[in-house]
Amino acid sequence: MEKTLYIETVGCQMNMLDSEMIVAELRQQGYRVTTRISDADTIFFNTCSVREHAEEKIYSALGKVRQIKQQHPDKIIGVVGCMAQKDQDGIFHRAPFVDLVVGPGQLRQIPQLLERIRQGAGRQLEVGLGRKDASLEIVKRSHETFDPLRDPTMRNSPAQAYLRIQIGCDKFCTYCIVPMVRGPEQGRPPEQILAEARTLADQGCKEITLLGQTVNSYRYRNGDTTTRLSDLIYQIHEIAGLRRIKFVTNYPKDMTNDLLQAVAELPKCSPYLHVPVQSGSNRILASMKRGYTVEEYRDMVDRIRATVPNSAISSDFIVGFSGETDADFQQTCELVRDMRFKNSFIFKYSVRPGTKGAELLVDDVPMDVKRQRNQELLALQNAICEEDNQAFVGQTHEILVEGPSKRARQQQAAEEQAAMESTNASTPESQELTESDYEMSDGIVQLVGRTHCDRIVVFDGMARQVGQFVQVSVHEANAHTLFGTVVTREVGPELYQLA
Ligand code: 5AD
Ligand code: SF4
């Protein structure tokens with residue numbers, strides 16, 4: 001009998017990739033994927049623990065699933081990923097109808113665990129060891145990277161893929177749960193990474209984003225040879241068919257000159273660097289245990305700008321961290337004013353049980369102050385984005401087309417809804433949309449893509465251009481988006497046949 005999987009994913013790119021891997025593996029076992037929860041006999045939530053809000057979202061989604069399970073006890077409900085590792089059997093206590101809890105280091109075991117449940121073995125729990133539960137080697141082995149097959153149909157865009165080069169984190173910033181739930185930092189062997197990059201290129205991938213919690217800390221030692229991120233990038237750059245290489249997330253202290261040199265020298269390497277600073281106050285950085293000062297961060301940005309011309313730098317910030325005064329926050333604002341980041345992700349501090357921050361520091365900034373600082377910093381960053389984006393008006397950029405714009409997708413959804421209501425017909429078997437679904441009657445569709453430096457561009461084009469490179473002339477810009485017109489439809493790979 002055909003089995004049907006529904007999977008809901010929250011959190012970071014690592015989780016998106018894990019979901020792609022889970023789907024690929026289960027498809028091999030005969031599962032079909034559905035986007036409608038009511039059609040599924042296996043319902044998975046791939047979860048995030050980085051902030052309390054992400055966890056609440058999952059528990060509230062689980063609350064809705066309770067009814068489904070009551071009506072269909074045979075359906076299997078699974079909670080996988082970071083929250084599974086963090087809460088472990090606590091998930092069974094809070095949501096007793098859950099059948100399966102699997103940590104991010106145990107994803108490989110999912111097919112067997114599902115089989116065991118179907119055979120009547122009852123609830124299954126598989127998680128990795130805690131950081132202090134055993135020797136480092138044994139803890140490492142209990143957090144296994146999961147990179148089986150690549151499934152192009154699970155990606156948002158046919159030409160783009162994530163590629164994991166590292167799991168875990170050893171930095172232990174005091175606010176962060178990641179080192180506890182994703183375990184010790186471990187780099188994947190370079191041969192595996194390169195083989196996977198070639199597979200992706202063969203599948204038609206033109207852009208690869210290398211993933212790691214602190215991606216630029218990547219080191220792989222084999223005897224006397226050490227492979228660094230820069231070495232990997234030089235090798236990936238050789239792969240025919242690939243046109244863009246990105247990597248996230250960078251740790252400021254590990255932004256070495258060899259890496260910046262690689263970004264500057266290699267035309268396929270996007271001049272885009274996400275290097276979160278988190279705060280502009282030395283006192284707060286020290287209490288976060290980030291391992292650098294604001295001055296060191298500023299020097300690093302100067303080095304990036306001197307080595308990689310026209311680079312775009314983006315950052316993350318936490319506002320309202322323990323002990324953050326108004327003066328600390330003003331220093332963060334000053335840094336944002338000076339750095340002119342391409343964009344910043346701003347988060348309100350959320351205490352994570354199990355971190356040093358939860359153990360040793362007091363969460364003493366009231367929620368309304370956190371909220372207010374968040375809005376103030378966001379407004380400041382938005383004003384900078386808006387100003388800096390104006391410089392793009394009048395320029396022509398090469399864009400990798402990612403898909404229909406948000407507006408086109410909403411319009412499509414509204415049209416489908418209207419069609420359903422007027423005919424009272426049921427929705428198609430699968431809700432996976434194809435490119436042609438988005439096309440308007442005259443064949444023109446609003447598309448979205450990105451420049452080499454990761455800026456979002458919206459323009460009118462053809463659905464068949466999804467996954468292609470087009471030249472777009474920019475005529476308007478706001479804080480988040482550039483708007484333009486296609487000047488050349490497609491650019492061949494010959495551009496990258498370098499002398
Ligand atoms: N509270 C708020 N934001 C957090 N982040 C990580 N941990 C927390 C937390 N406890 C933010 C950091 C990180 C991003 C992925 O999430 O800014 O860079
Ligand atoms: Fe968390 Fe710090 Fe590691 Fe980033 S570097 S994953 S913020 S502990």
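This report describes the confidence, domain arrangement and ligand surroundings of a predicted model.

## Model confidence

The chain has a mean pLDDT of 91, and 93% of its residues reach 70 or more. Two stretches fall below a pLDDT of 50. Residues 424-441 form one of them, with 29 contacts in the model beyond near neighbours in sequence. Residues 493-499 are also below 50, and this stretch has 9 contacts beyond near neighbours in sequence. Where pLDDT is low, the predicted coordinates should not be read in detail.

## Domain organisation

Three domains are assigned along the chain: domain 1 spans residues 3-139, domain 2 spans 151-391 and domain 3 spans 393-488. Between domain 1 and domain 2, the C-alpha centres are separated by 27 Å.

## Interface of domain 1 and domain 2

At this interface, 25 residues of domain 1 are in contact with 29 residues of domain 2. The two domains bury about 2,400 Å² between them, and carbon and sulfur atoms give 59% of that area. On the side of domain 1, Met14, Glu20 and Arg131 supply 30% of the area buried against domain 2, more than any other three residues.

Polar interactions also cross the interface. The rule finds 4 salt bridges between domain 1 and domain 2, together with 10 residue pairs in polar contact, both residues being at pLDDT 80 or more. Arg131, one of the three residues that supply 30% of the area buried by domain 1, forms a salt bridge with Asp170, in which the closest N and O atoms are 2.8 Å apart.

## Surroundings of ligand 1

Ligand 1 is surrounded by Val50, Arg51, Tyr175, Gln278, Asp316, Ile318, Phe347, Lys348, Tyr349, Ser350 and Arg352. Arg51 places a polar side-chain atom 3.0 Å from an oxygen atom of the ligand.

Backbone atoms are involved at two further positions. A backbone N or O atom of Tyr175 lies 3.0 Å from a nitrogen atom of ligand 1, and for Ser350 a backbone N or O atom lies 2.7 Å from a nitrogen atom of ligand 1.

## Surroundings of ligand 2

The residues around ligand 2 include three cysteines, Cys169, Cys173 and Cys176. Lys171, Phe172, Tyr175, Val178, Pro179, Gln213, Thr214 and Arg290 are also part of this shell. By class, the shell divides into 7 nonpolar, 2 polar and 2 charged residues.

Tyr175 appears in the surroundings of ligand 1 and also in those of ligand 2.

Definitions and conventions:
Residues are numbered from 1 along each chain as its sequence is written. Chains are lettered from A and ligands numbered from 1 in the order in which they are written. Side-chain values use heavy atoms; hydrogens and water are left out. A residue is near a molecule or strand if one of its heavy atoms lies within 4 Å of it. Ala, Val, Leu, Ile, Met, Phe, Trp, Tyr, Cys and Pro count as nonpolar, Asp, Glu, Lys and Arg as charged, and the others, Gly among them, as polar. pLDDT is the predictor's confidence in each residue, from 0 to 100. Contact means heavy atoms within 4.5 Å. Domain bounds come from an automatic or database domain assignment. Buried area is the accessible area (1.4 Å probe) that two parts lose on being put together, summed over both. A salt bridge is a side-chain nitrogen of Lys or Arg within 4 Å of a carboxyl oxygen of Asp or Glu. A polar contact is a pair of N or O atoms within 3.5 Å; within protein, one must be able to donate a hydrogen and the other to accept it, and residues adjacent in sequence count only if both atoms are side-chain atoms.
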